[in-house]
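Reader: Could you take me through one part of this model in detail, the place where the two chains meet? I'd like the contacts tied together rather than listed.

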Amino acid sequence: MEATTALEKQRAHTIAQEYRSKSYDVIEEPASELLPDFLSGYKPDLLIRKDNEALVVEVKTRSSLAKDPSVRDLARLIQAIQGWSFELVVAGEGEKPSSPEGARPFEREDVLQRIEQAESLLELGFAEAALLAAWSASEATVRVLIEQEGISADLFNPIHVLSRATTDGVISRDDYRLLTEAKKYRNALVHGFKFDDFDYNLLGDPIRTTKRLFTLND
Amino acid sequence: MDVDNIPKPMLDALNGLVYLDDEQVTDILCRKRNLNNGLRIENPSSVLIEGFSRGNEFHHILKEEAPDQHEVIY
């Protein structure tokens, strides 16, 4: 399996260097002819050997693991072979993205302002801008709700803020599904992708949900 | 959640499923990890890999035979 993201590749290389420093022979993304027959059809990230030890390393983010069920098969296969072992590196996706020095969480007034902005922008027909303002308020609100439950919200990645809030019963599964859906369109917009299937008439739902959740913060 | 609050409900829930009574359990090792920071796992089971792939927090429980009850080795 080829490392499919820059994060995975970078992590794999770091691990390769670590094993090399311990005098292991390491091959990064080994070609098929360098693999034993039982690994035919697989493309591991690292093949590592020393004396009679052999190790296969796969580096995956959690989202990559979800898309690639063959990692489970690879793990089972390798662990059945004497002298071989398998290491799974789950690369963290929750590292804080770069942000300006001194960036700090929204306060109550900031959230309220973004909600009002989103409503105004929607009324004026600026639906994309409304979606971005609404999402900003949504994530800040959910983070505040998590912290009110005594849970550390030092989780900058919005994927984890929403799932953690749902797991701990801070927001309902229906709210989770609605906000996760809105996040998909927000992500597309922020990264310069357009879409045709978003019903902007429904943009009111994430805004109303955020207002309702925000009221819980009172 | 504090790490000491994790095992008890798990042990209770497994009564009658994995063992007759959790009174049979003699040793527990409970770990709590922040999955956002990444992990390295040696020889993970397919069940554990499945847990990681689901994207949410999860509990992974590994049952083993009790160690020699006449020894305590750290």
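Author: Let's start with a charged pair: A:E87 and B:R40 make a salt bridge, with their closest N and O atoms 2.6 Å apart. Keep in mind that this is a predicted model, so that distance is a computed one. In total, three salt bridges are counted between chain A and chain B. Polar contacts add to the picture, with ten residue pairs found across the interface, both partners at pLDDT 80 or more.

So who supplies the chain A side? The elements that each put in two or more residues are helix 1 (6–21), helix 2 (62–67), helix 3 (70–79), strand 4 (84–91) and helix 6 (158–167) of chain A. Strand 4 of chain A brings the largest share, seven residues. Sorted by class, the side of chain A that touches chain B comes out as twelve nonpolar, seven polar and nine charged residues.

Strand 4 of chain A deserves another look, since there's backbone pairing here too. This strand runs antiparallel to strand 1 (residues 39–42) of chain B, and the two pair over four bridges. Within that pairing, A:V90 sits opposite B:L39 of strand 1.

Now zoom out to the whole interface. On the chain A side 28 residues are in contact with chain B, and 21 residues of chain B take part in return. Put together, the two chains bury about 2100 Å² between them, and carbon and sulfur atoms give 47% of that area.

Conventions
Residues are numbered from 1 along each chain as its sequence is written. Chains are lettered from A and ligands numbered from 1 in the order in which they are written. This is a predicted model: local features need pLDDT of at least 70, side-chain atom pairs count only at pLDDT 80 or more; totals for chains, interfaces and linings use all residues. Side-chain values use heavy atoms; hydrogens and water are left out. Contact means heavy atoms within 4.5 Å. Buried area is the accessible area (1.4 Å probe) that two parts lose on being put together, summed over both. A salt bridge is a side-chain nitrogen of Lys or Arg within 4 Å of a carboxyl oxygen of Asp or Glu. A polar contact is a pair of N or O atoms within 3.5 Å; within protein, one must be able to donate a hydrogen and the other to accept it, and residues adjacent in sequence count only if both atoms are side-chain atoms. Ala, Val, Leu, Ile, Met, Phe, Trp, Tyr, Cys and Pro count as nonpolar, Asp, Glu, Lys and Arg as charged, and the others, Gly among them, as polar. Two strands pair if DSSP finds at least two bridges between them.
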